[in-house]
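Trainee: I should be grateful for a close look at a single helix and its surroundings. Please treat it as one connected account.

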Amino acid sequence: MPNLEVCLSPNLLPLHTLTHKIVVVVDILRATSCMVTAIACGVESILPLQDTETCRAMKSQGYYIAAERDGKQVEGFDLGNSPFSYMEKHLIGQKIAFTTTNGTQVIKLSEKAEQIIVGAFLNLSAVASYLLERQKDVLVACAGWKGNINLEDTLFAGALVDVLATQNFTISNDSALLAQSLYPKKQSDLLGFVNLCSHVQRLKNLGIQKDVEFCLQKDVYDVVPTLQNGSIVKLASQTAL
Ligand code: 3SL
């Protein structure tokens, strides 16, 4: 039976073995929600990067460049971190270089995994179905906020554990149990609960409540973005969809 673990903060990732596992990276507000939206809406690939200067330099190689720091779009970049901006028609078939405060960092930190896939509430069922099909050990890696645990990523982890544990996955750490015990209590009013969290308070000051509402919707997209040769793309089996 495959094992299922959750890592609630990137600072705890060094405690986990990543090799031979599928890592589901998650940053509900908002990096992985943007990535799922972008790939579902036809963006060809997303290059996750850690720093803004490397990202900025990709412009000369034909990339759209996207950067967020502390919730805000960084000056001089084409895109920030609102999922709505990744639905634009002119991005179809384009490559995006992307750096965010936490989301792209957790992807880099997970690079030793056998495979990295991108999870969000927006593609929850697609991710769960893929993991059920693969039957490999899974680690859900939450991006959190600057090393701190956050509510929204923990809730997503709980939602995924809730599905997989009813199949043949074995819950194999206490973070997974914790997330699983939280999610059923809050799933009927995710928005009401997440509205209490620190990141929503931060984003509220930036006037982007509609992003929060969008990112908490389940199963809007049927895609499983995956890291291939350093870039996030649609899974090969899904490219014909
Ligand atoms: O930290 C990140 O990667 C971002 O998703 C944060 S924010 O939602 O853009 O504020």
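**Helix 6 and its packing**

Mentor: In this predicted model, the face of helix 6 that is turned away from its buried side carries the exposed residues D174, L178 and K185. The helix itself runs over residues 174-186, 13 residues in all, and spans 19 Å from its first C-alpha to its last, close to the 18 Å expected at 1.5 Å a residue. Its buried residues are S175, A176, A179 and Y183. These lie on the same side of helix 6, because they cover an arc of only 95° around the axis. The general background is that an α-helix has 3.6 residues a turn, so residues three or four places apart point the same way.

As for what covers these buried residues, the cover includes strand 1 (3-7), helix 5 (151-165), strand 9 (170-171) and helix 7 (190-194). Of these, helix 5 merits a closer description. The axes of helix 5 and helix 6 come within 7 Å and cross at roughly 95°; helix 5 is therefore roughly perpendicular to helix 6. On the helix 5 side, the contact is made by L151, T154, L155, A157, G158, A159, V161, D162 and A165. Helix 6 contributes A176, A179, Q180, L182, Y183, P184 and K186. Sorted by class, this contact has 11 nonpolar, three polar and two charged residues. Among the helix 6 residues in the contact, A176, A179 and Y183 are also among the buried residues of that helix.

Methods. Residues numbered from 1 in each chain as written. Predicted model: local features only at pLDDT ≥ 70, side-chain atom pairs only at ≥ 80, totals over all residues. Heavy atoms only, no water. Helix = DSSP H or I, 4+ residues; strand = E, 2+ residues; numbered from the N terminus. Expected span 1.5 Å × (residues − 1). Buried < 20%, exposed > 50% of the residue type's maximum accessible area, 1.4 Å probe, protein only. Arc of directions from axis to C-beta. Contact = heavy atoms within 4.5 Å. Axes fitted to C-alpha atoms, helices over the stretch in contact; angles between N-to-C directions. Parallel < 35°, antiparallel > 145°, perpendicular 65-115°, else oblique. Nonpolar A, V, L, I, M, F, W, Y, C, P; charged D, E, K, R; others polar.
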